[in-house]
Amino acid sequence: MNHWLMKTEPTTFGVDDLARAPKRTTMWDGVRNYQARNMLRDEFARGDRALLYHSSCEVPGVVATMRVVRAGYADPTAFDRRHRHYDEGSDPANPRWYAVDVQLERRLRRVITLTELRAHATRELSKLLLLQKGSRLSVMPVSEAHFDFILALE
DNA sequence: GCCAACGTTGGC
DNA sequence: GCCAACGTTGGC
């Protein structure tokens, strides 16, 4: 089983939206980065666990855990002309972009803030991709040890 | 293949 | 709003 960290801007779609969604499940669409696409397409599997991370907000940090309930499939928003993530270069016969479905597992009792994660950046979390200089991936792998360590901070 | 210009991300 | 860092685009 893989572990992941998935970023979202709460003003666009945050943990509150996920909690209200039918079956607390949503399609994770709109990823338009090839490295992230490869992970969604090739590595995400049903049953994988993920940390939900709020970015570009007052208190960036991990706010919930999620479960991958559907592995990678062609991102339908890429085929929708009216959608802001439309990409005329994505051919349904050979999709360029991929989505997965995720379900809210548990909202954390409090936000594990980026500041707090950084406090461990020289030791336990030194390899955490999120903390690497220039890291901007919206979807990234997290080792099981890091995953557990972060949740233990709660 | 190089690289400048541009757009995006995301913390602050 | 600022700005560093990165990805993409396109001219050459």
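**Opening question**

Is D17 of chain A buried, partly exposed or exposed? In this predicted model, D17 has a relative accessible area of 25%, so the residue is classed as partly exposed. The sections below place D17 within the fold and describe the charged pairs of the structure.

**Fold and dimensions**

Chain A comprises five helices and six strands. Read from the N terminus, these elements follow the order β-α-α-β-α-β-β-β-α-β-α.

For 154 residues, a compact globule would be expected to have a radius of gyration near 15 Å; the value for chain A is 15 Å, so the two agree. The C-alpha trace of chain A extends over about 45 × 30 × 30 Å along its principal axes.

**Burial, contacts and surface**

Buried residues make up 45% of the 154 residues of chain A. When contacts between residues at least 6 apart in sequence are considered, 73% of them link residues at least 24 apart.

Chain A has an accessible surface of about 8,500 Å². Carbon and sulfur atoms contribute 46% of that surface.

**Distribution of charge**

Chain A carries 24 positive and 20 negative charges, and the mean positions of the two sets lie 1 Å apart. Side chains of opposite charge can pair when their charged atoms come close. Across the whole structure, the search identifies nine salt bridges.

**The pair in helix α2**

One of the salt bridges joins R20 and D17, with 3.2 Å between the closest N and O atoms. Both residues belong to helix α2, which covers residues 15–20; because R20 and D17 are three residues apart there, about one helical turn separates them.

The accessibilities of the two partners fall into separate classes. R20 has a relative accessibility of 63% and therefore counts as exposed, the cut-off being over 50%. D17, at 25%, is partly exposed, since that class lies between the 20% limit for buried residues and the 50% limit for exposed ones.

**Further salt bridges**

D42 and R41 also form a salt bridge through their side chains, with an N to O distance of 2.8 Å. D42 has a relative accessible area of 48% and is partly exposed. R41 is likewise classed as partly exposed, with a relative accessibility of 34%.

In another pair, R110 bonds to E116 in a salt bridge whose closest N and O atoms are 2.7 Å apart. R110 is partly exposed, at 33% relative accessibility. In addition, R49, R67 and E105 are joined into one network by salt bridges that share partners.

Key:
Residues are numbered from 1 along each chain as its sequence is written. Chains are lettered from A and ligands numbered from 1 in the order in which they are written. This is a predicted model: local features need pLDDT of at least 70, side-chain atom pairs count only at pLDDT 80 or more; totals for chains, interfaces and linings use all residues. Side-chain values use heavy atoms; hydrogens and water are left out. Helices (H or I, at least four residues) and strands (E, at least two) are DSSP runs, numbered from the N terminus. The radius of gyration is taken over C-alpha atoms; the globule rule is 2.2 Å times the number of residues to the power 0.38. Buried means under 20% relative accessible area, exposed over 50%, partly exposed in between (1.4 Å probe, protein chains only). Contact means heavy atoms within 4.5 Å. Accessible areas come from the Shrake-Rupley method with a 1.4 Å probe; for residues, only the protein chains shown count as cover. Lys and Arg count as positive and Asp and Glu as negative; His and the chain ends are not counted. The place of a charge is taken as NZ of Lys, CZ of Arg, CG of Asp or CD of Glu. A salt bridge is a side-chain nitrogen of Lys or Arg within 4 Å of a carboxyl oxygen of Asp or Glu.
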